[in-house]
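Please walk me through this structure. I want to know what surrounds the ligand.

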Amino acid sequence: TLHIARPEKGKTLADFQNIYNSIAEKMKSESAYDDGTGYGPVLVRLSWHSSATYDKNDNSGGSYGGTFRFKKEASDVLSKGLENATKFLDPIHSEYPWLSHGDLYTLGGVTALQELGGPKTPWRPGRVDTGPETVPAHGRLPIPEGNASYVRNYYDRFGFNDQEVVALLGAHILGKTHLKNSGYDGPWDDDTNIFSNEFFGNLLERKWTLEKNAASNMQYNAKGGIMMLPTDYALVQDPKYLKYVKKYADDQDAFFSDFRDIYVKLLERGISFDDSIEPLVFKTLKEQLK
Ligand code: HEM
Ligand SMILES: N=C(N)c1ccncc1
């Protein structure tokens with residue numbers, strides 16, 4: 001499968017910054033969502049799920065075709081909860097109908113990441129909607145029960161190495177698990193909408209206890225109301241992953257730049273962009289107030 005980027009005709013940085021601002025303003029005005037967590041985390045998760053169907057073996061799936069807009073893809077039980085994110089973005093798409101869904105879902109994640117204090121993340125337009133026949137079969141999303149070799153094997157399908165996998169999973173500092181969505185519960189601490197390297201410090205410094213949760217799934221819990229999925233905890237059980245967990249726990253700048261790089265790589269996986277076109281870097285709302 002070939003995915004050639006075709007940037008929306010005649011649109012400039014200013015046009016996409018307008019969309020960024022619409023999403024960011026809507027995040028601000030609907031900050032009460034999910035007990036005050038806000039929409040940032042679930043928008044980041046949607047950008048990940050809309051890219052997570054990628055398979056390097058035939059270059060299928062990935063963010064290009066915007067196929068998450070189809071029920072056939074969005075109904076995957078492992079995507080439960082993401083209807084909140086697509087419902088949040090529907091009015092944005094109505095306001096800017098010229099924007100492809102693939103560009104909408106990835107721009108939503110980049111906007112959320114930056115508005116939650118994450119790294120400046122270059123973004124390129126040009127994903128083109130493809131039809132229902134291009135929706136990949138269910139089964140391409142990861143399961144939370146996996147161990148380290150499961151996680152390594154899963155991301156091999158993207159061609160991501162150990163360092164990239166550890167950096168990428170640092171996104172789990174954002175938001176929370178919900179029993180009604182995934183059958184996992186927590187975290188219950190409050191700062192689930194500020195991007196930082198604390199996911200790694202938590203993994204190394206807290207005392208983790210494997211417990212059965214209210215949905216009879218096993219998860220790791222620590223005092224202070226934080227939790228880890230088995231796939232999160234795998235990062236300290238595997239010596240090759242552990243090396244990078246320590247690196248990122250010690251060095252927030254290294255985490256921010258490595259997360260930015262692998263997040264861009266994820267959102268663009270499988271797409272051929274015209275490298276003569278500069279990626280766009282958006283200003284945060286705060287930066288535009290001055
Ligand atoms: C081994 C791979 C992964 C697994 C098994 C996994 C699993 C999960 C699960 C079970 C939830 C809870 C969903 C719910 O109950 O609402 C979740 C939430 C989340 N995931 Fe992941 N995830 C993985 C990788 C990623 C990646 C690569 C990103 C982003 C780069 C990401 C971003 C998020 C975010 C931001 C949330 C919070 C959403 C919210 O608060 O509503 N995850 N993930
Ligand atoms: N390990 C976590 N706290 C976590 C947060 C959000 N989503 C999944 C896991």
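The questions below cover the ligand shell and one helix residue.

This is a predicted model: local features need pLDDT of at least 70, side-chain atom pairs count only at pLDDT 80 or more, and totals for chains, interfaces and linings use all residues. Residues are numbered from 1 along each chain as its sequence is written, chains are lettered from A and ligands numbered from 1 in the order written, and side-chain values use heavy atoms, without hydrogens and water.

Q: Which residues come nearest to ligand 1?
A: A residue counts as near if one of its heavy atoms lies within 4 Å. By that rule, 21 residues are around ligand 1. The nearest are H172, K176, H178, N181 and S182.

Q: How far is the side chain of H172 from a nitrogen atom of ligand 1?
A: A polar contact here is a pair of N or O atoms within 3.5 Å. An N or O atom in the H172 side chain pairs with a ligand 1 nitrogen. The distance is 2.9 Å.

Q: Where does ligand 1 lie relative to domain 1 and domain 2?
A: Domain bounds come from an automatic or database domain assignment. Domain 1 (3-140 + 264-289) and domain 2 (148-253) both give residues to the shell. Ligand 1 therefore lies between them.

Q: Is K26 buried or exposed?
A: Buried means under 20% relative accessible area, exposed over 50%, partly exposed in between (1.4 Å probe, protein chains only). K26 has a relative accessible area of 17%. Therefore K26 is buried.

Methods:
Polar contact = N/O pair within 3.5 Å; in protein donor to acceptor, adjacent residues only side chain to side chain.
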